[in-house]
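Thanks for sharing this one. Here are a few notes to read alongside the model.

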Amino acid sequence: MEACLRLRRLLLHVIALLLAVVAGPAAVVGKESAVLRLRELQWGSGSAMGRYAQPKRAHEMIGEHKKAATAAGRTTSTTVLELKHHSLTAISDHTAAQETYLRRLLAADEARANSLQLRNKAAFTQSGHAAAAAAEVPLTSGIRFQTLNYVTTIALGGSSSRAANLTVIVDTGSDLTWVQCKPCSVCYAQRDPLFDPAGSASYAAMPCNASACAASLKAATGTPGSCASGGGGNGERCYYALAYGDGSFSRGVLATDTVALGGASLDGFVFGCGLSNRGLFGGTAGLMGLGRTELSLVSQTASRFGGVFSYCLPATTSGDSAGSLSLGDDTSSYRNTTLVSYTRMIADPAQPPFYFMNVTGASVGGAAVTAAGLGAANVLIDSGTVITRLAPSVYRAVRGEFARQFSARYPAAPSFSLLDTCYNLTGHDEVKVPLLTLHLEGGADMTVDAAGMLFMVRKDGSQVCLAMASLSFEDQTPIIGNYQQKNKRVVYDTVGSRLGFADEDCSYA
């Protein structure tokens, strides 16, 4: 049965690519507009409304399967982990309560975006492709964990039968993976049980003389490790201190253990065992770092997965749909309906964790927009930021063209939090939405899905906002957030130094 399902997926993928080739370049560029069903924007829509859909255990996810390799004649393996949206059942159905909740989540996102700007500013003040396997892990919405970020489940510690299943935020803007651990002196409330190092036979604290405790940790967190006695005659251990610009932090022991990502098991994985943690992490157990330095998950698994990963973020928040996080360059698990188009991945030595690209132009509903900020600076693509932030000149141009095409059909509504362009769509089951297309260096395009254009504040449709915001200053770093990456296959090839984009329905049932 599993083999039949894999074959069916592969055939659908090949057919989609053939259709894209026959259709020519127009199939890749992206649509000018699309009809959006407003129920797709409702928080907690879908069959899981009113209950929590429980995630599968990490070792129960779709397991590794073997696949004949291509040019190099090598064999690759694939493991699938889900990324899901969960239902918004953490708050009352009362309109005022929902608005308060969404304001808090958007405020958290604003703090995140500001912290990236602070990290950028602080950074500026400081003076052979291996044989690759592949793994795919489920990604889900973190809405039931009181975060608008995407989450996945990993298993940490020993064999699959004894491993602790932990839900973590997937973050391309961070490097060190960390989870809250026992005995925790200061911990925020999380849904999963705290990870207990004493319950894992494969857990080991990192010694102070390890290279990861000095240069690697400093590159990942900005601060080198410190040494202190672990007690019990165990000698000195390496302690990390990770601080975010918004005031969030995680501090604890740098350690190694076995981690399971779907069907893949990785020994000696370096992570932070957090004993003191506070911040904007919702009810998750911690964070998965997919940045670029040596301690990120991508770098630690480069010998196995080739430094390539991709994800597909689901648009809906129903508990029965899931996207995926793929580790490796095996494309057989993709379901993209357009060819992947690539642009140059830009690295900034002063900001080593981040992924940048050049945006050379933009259009809204097929109409080109012009602004001083287009092409003037590197643009950060980030899975940990929700709402896209554009340079003021670019945002004004995009907002103006969107309003010109959209406002003629739908009346205005009051602004909400950081979203200043809102509409009253009461009585409409679906609307025609002009789509934003970002034109990237090298000829690639990224067209935002219709579900990534509008943010629903009120369930009755009386307040639905353009899901983008302006930066405060022209010289700040623009950020493409995860809300605008929905229903896209986004490929990060760190070895080939390129970023890829393709359309894909990411809501896998």
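The points below cover a lysine, the nonpolar cores and a small sheet.

1. A word on the basis: this is a predicted model, where local features need pLDDT of at least 70 and side-chain atom pairs count only at pLDDT 80 or more, while totals for chains, interfaces and linings use all residues. Residues are numbered from 1 along each chain as its sequence is written, and side-chain values use heavy atoms, leaving out hydrogens and water.

2. Do look at Lys-488, which sits in strand β32 (residues 488-493); strands here are DSSP E runs of at least two residues, numbered from the N terminus. Its relative accessibility is 3%, so Lys-488 counts as buried (under 20% relative accessible area, 1.4 Å probe, protein chains only). The side chain of Lys-488 makes a polar contact with that of Asp-503 at 2.3 Å (a pair of N or O atoms within 3.5 Å, one able to donate a hydrogen and the other to accept it).

3. The largest nonpolar core (buried Ala, Val, Leu, Ile, Met, Phe, Trp, Tyr and Cys residues joined through side-chain atoms within 4.5 Å) has 101 residues. Domain 1 (135-304) and domain 2 (335-503) both contribute residues, so this core lies between them; the bounds come from an automatic or database domain assignment. A second, separate core of 20 residues includes Leu-217 and Cys-238.

4. Finally, an open, antiparallel sheet of four strands runs β23-β24-β29-β28. Strands pair if DSSP finds at least two bridges between them, and two bridges join β24 to β29. Cys-422 stands opposite Cys-465 in β29.

Technical notes: Buried means under 20% relative accessible area, exposed over 50%, partly exposed in between (1.4 Å probe, protein chains only).
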